[in-house]
Amino acid sequence: MRNVTLEKLFTHPIAQKYLGRSGIAHAITVAEKAYIIANSYKVDPDLAAKAGLLHDIGHYKWYRNGEWDYESYKENDIHAIKGAARAHKLLIRSGENPQSAKTIALAILLHTDSYLPDGELQLNPLQLVVSLADEADEEPSGAHHYRTIDQFSALERIQRLDSLIDKPQQSNQEKTS
Ligand SMILES: [Fe+2]
């Protein structure tokens, strides 16, 4: 069992406060996709799933009359910067290894270049996995941010992903004991 599970992160008040801003359903789907894609890039699935879950935690509430205000968002958004810092705080407070917390925070910082002037980033494999997983769940006009999920189903999917990530570690332990 890992020291810090997705469930531990997801149920933390910081995650509960901020993940909903850009959609919990989107956050969980990106975590699941990042876990799957990680395999092809030989990336640690635990880091990929955590970065996927938290990649949009830096969003500000870009709402006007109940709708996402894209004009204002495009001009002023720094969600990747804010998200890297917010996720790092959450990870450290949850007891994550500081090296892993830094690696995850950097993957969040670089998961999009939309906030950089003519940005073209050289991504390492983990950073690429998170950005691919995010792109794979994008819908036209940002509809992926509006998809909803009830708390029970959300937690069920998080726990399922936790057990998938823990499985190879368990079987390795079994082999060595
Ligand atoms: Fe996203």
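In helix 8, the buried residues are Leu126, Gln127, Val129, Val130, Ser131, Ala133 and Asp134. This is a computed property of a predicted model. The buried residues of helix 8 pack against helix 3, helix 4 and helix 7. The geometry of the element is regular in length: its 12 residues should span 16 Å at 1.5 Å a residue, and the end C-alpha atoms are 16 Å apart, so expectation and model agree. As background, an α-helix has 3.6 residues a turn, so residues three or four places apart point the same way.

One partner of helix 8, helix 4, may be considered next. Its buried residues are Asp46, Leu47, Ala48, Ala49, Lys50, Ala51, Gly52, Leu53 and Leu54. Because nine of the 10 residues of helix 4 are buried, this helix is largely enclosed by the rest of the structure.

A link between these elements can be followed through Ala34. Leaving aside neighbours within four places in sequence, Ala34 is in contact with Ala48, Ala49, Ala51 and Gly52, and also with Val129, Val130 and Ala133. Ala34 further belongs to the largest nonpolar core, which holds 42 residues; Ala31, Ala34, Ala48, Ala51, Ile104 and Ile108 are the members that touch the most others. The elements giving two or more residues to this core are helix 1 (6-11), helix 2 (13-18), helix 3 (24-40), helix 4 (45-54), helix 6 (79-93), helix 7 (98-109), helix 8 (125-136) and helix 9 (151-176). Helix 3 supplies the largest share, nine residues. In soluble globular proteins, nonpolar side chains tend to be buried together.

Elsewhere on helix 3 lies Ala27. Ala27 counts as buried because 27 other C-beta atoms lie within 10 Å, where the threshold is 20 or more. Not counting residues up to four places away in sequence, Ala27 touches Leu19, Leu53 and Asp56. The C-alpha atoms of Ala27 and Leu128 are separated by 16 Å, with their positions 101 residues apart along the chain.

The loop between helix 3 and helix 4 contains Lys42. The phi angle of Lys42 is near 55°, a positive value in a residue other than glycine. Lys42 has 8 C-beta neighbours inside 10 Å and therefore counts as exposed.

Attention now turns to helix 6, where His79 is found. His79 is buried, since 23 other C-beta atoms lie within 10 Å. Apart from its neighbours within four places in sequence, His79 is in contact with Asp56, Gly58, His59 and Tyr60. Asp56 is thus among the contacts of His79, and Asp56 is also touched by Ala27. His79 and Leu109 are 30 residues apart along the chain, and their C-alpha atoms are separated by 8.4 Å.

The chain as a whole completes the picture. Its secondary structure comes to nine helices and two strands, and the elements run α-α-α-α-β-β-α-α-α-α-α from the N terminus on. Of the contacts with a separation of 6 or more, 71% join residues 24 or more positions apart. Buried residues make up 40% of the 177 residues. Along its principal axes, the C-alpha trace spans about 60 × 40 × 30 Å. A compact globule of 177 residues would have a radius of gyration near 16 Å; the chain has 16 Å, so the two agree.

Conventions:
Residues numbered from 1 in each chain as written. Predicted model: local features only at pLDDT ≥ 70, side-chain atom pairs only at ≥ 80, totals over all residues. Core = buried A, V, L, I, M, F, W, Y, C linked by C-beta atoms within 7 Å. Buried ≥ 20, exposed ≤ 12 C-beta atoms within 10 Å, placed from the backbone. Helix = DSSP H or I, 4+ residues; strand = E, 2+ residues; numbered from the N terminus. Contact = placed C-beta atoms within 7 Å. Expected span 1.5 Å × (residues − 1). Rg over C-alpha atoms; globule rule 2.2 N^0.38 Å.
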